[in-house]
Amino acid sequence: MEVLSWGVCTHGETGHGLLPEAKVEEPTPVEELSGKRILQISSMNYHSLALTEEGEVFAWGHNGWRQCGSNGSGSDGLMNVMVSPPEAVPIPLKDPKAHVVQAECGGYHCLVLASDGTVYSWGRNTFGQLGLGHTNLPDTPQLVRALVGRPVAYVKAGRSFSVALTEEGEVLCWGLGMHGQLGTGSLANGLFPARVGGPLAALPVLRGQCGNRHCCALAESGDVYYWGQSYDTKE
């Protein structure tokens, strides 16, 4: 099983290191992931994550906000800070018997979901998108303690905000709120996960998805709901 990458790699985002020509013109195997049984790949902006069947998480690309999980190598969005080839990201699992089942890249932050329903976050935290209750930049992945006791089934990350779907069908959002993407009825940023309001406050949800500044959710009823910024509507 191989992971292939191609395109611009000015920040190491193809996983082949820093190349003189700063681009890969055709799909090329990422050697450091050779032999790994990859379950999932996630990419956003200038960084990527790979999740193996064994629950290992690998990151590569721009690391100016420590979104590759490397302790202390980035602190202020510097564009010349990178991790490439891919490096393993240690996840401090609350339950040592658990393993990572999902990995998601946001604009400059990351989320992973463990098999016990706990969520971990790292990277840029300017707007509270890590859900830690503050806007400090952590050195390493952190447990989202506000979600402990509310087992999560699925996570997604937008450009500067995050979304979690609990096993009970609740949709929770946090981070940048100025475009209404948190769905709470407020444009304020959210430092902690908060349940989406409106009709979804009383409806079980099966799956959610988010873009840079908006979200969609599929309810158990079969109806689709959306919130956040939409350039094309006249509303």
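## Trp122 and strand β9

In this predicted model, Trp122 has a relative accessibility of 0% and therefore counts as buried, the limit for that class being under 20%. The residue belongs to strand β9, which runs over residues 119-123, and a polar atom of the Trp122 side chain lies 2.9 Å from the backbone oxygen of Gln67. Between the C-alpha atoms of Trp122 and Ser5 the separation in space is 24 Å, while along the chain these two residues are 117 residues apart.

Ser121 is also a member of strand β9, and with 0% relative accessibility Ser121 counts as buried. A polar atom of the Ser121 side chain is placed 2.8 Å from the backbone oxygen of Leu130. When residues up to four places away in sequence are not counted, Ser121 touches Cys110, Leu111, Leu130, Leu132, Thr140, Pro141, Gln142 and Val144; Leu130 thus appears both in this list and as the owner of the backbone oxygen facing the serine side chain.

## Gln129 in the loop after β9

The loop between β9 and β10, the latter covering residues 142-143, contains Gln129. Although Gln129 is in a loop, its relative accessible area is 1%, and it is therefore classed as buried. Its side chain has a polar atom 3.4 Å from the backbone oxygen of Arg124. With neighbours within four places in sequence left aside, the contacts of Gln129 are His109, Arg124, Ser160, Phe161, Ser162, Trp174 and Gly175.

## Tyr108 and its surroundings

Tyr108 is located in the loop that connects β7 (100-105) with β8 (109-114), and a relative accessibility of 13% puts this tyrosine in the buried class. Its contacts, again without residues up to four places away in sequence, are Asn45, Tyr46, His47, His62, Trp65, Gln67, Gly123, Arg124 and Arg159. Two of these names recur elsewhere in this account: Gln67, whose backbone oxygen faces the Trp122 side chain, and Arg124, whose backbone oxygen faces the side chain of Gln129. From Tyr108 to Tyr120 the C-alpha distance is 15 Å, for a sequence separation of twelve residues.

## Backbone geometry at Asn45, Arg66 and Pro85

Most residues other than glycine have a negative phi, and most peptide bonds are trans. Asn45, which is not a glycine, nevertheless has a positive phi of about 50°, and it sits in the loop between β3 (38-44) and β4 (47-52). A relative accessible area of 36% makes Asn45 partly exposed, as the value falls between the 20% and 50% limits. Beyond residues up to four places away in sequence, Asn45 touches Gly107, Tyr108 and Arg159, and in the case of Gly107 the backbone oxygen lies 3.2 Å from a polar atom of the Asn45 side chain.

Arg66, likewise a residue other than glycine, has a positive phi near 60° and is placed in the loop between β5 (57-62) and β6. Arg66 is buried, its relative accessible area being 11%. The peptide bond leading from Ser84 to Pro85 is cis, with omega near 5°, and Pro85 is part of strand β6, residues 82-88. Ser84 and Asn45 are 39 residues apart along the chain, and their C-alpha atoms are separated by 15 Å.

## The chain as a whole

The secondary structure of the chain consists of 17 strands and zero helices. For 235 residues a compact globule would have a radius of gyration near 18 Å, and because the chain has 18 Å, the model agrees with that expectation. Along the principal axes, the C-alpha atoms fill a box of roughly 50 × 45 × 35 Å. Of the contacts between residues at least 6 apart in sequence, 46% join residues at least 24 apart.

Buried residues account for 50% of the 235 residues. The exposed area of the chain is about 11,000 Å², with 51% of it supplied by carbon and sulfur atoms. As for charge, there are 15 positive and 23 negative side chains, and the centres of these two sets lie 7 Å apart.

Notes:
Residues numbered from 1 in each chain as written. Predicted model: local features only at pLDDT ≥ 70, side-chain atom pairs only at ≥ 80, totals over all residues. Heavy atoms only, no water. Helix = DSSP H or I, 4+ residues; strand = E, 2+ residues; numbered from the N terminus. Rg over C-alpha atoms; globule rule 2.2 N^0.38 Å. Buried < 20%, exposed > 50% of the residue type's maximum accessible area, 1.4 Å probe, protein only. Contact = heavy atoms within 4.5 Å. Areas by Shrake-Rupley, 256 points an atom, 1.4 Å probe, with all protein chains shown as cover. Lys, Arg positive; Asp, Glu negative; His and termini not counted. Charge placed at Lys NZ, Arg CZ, Asp CG, Glu CD. Polar contact = N/O pair within 3.5 Å; in protein donor to acceptor, adjacent residues only side chain to side chain.
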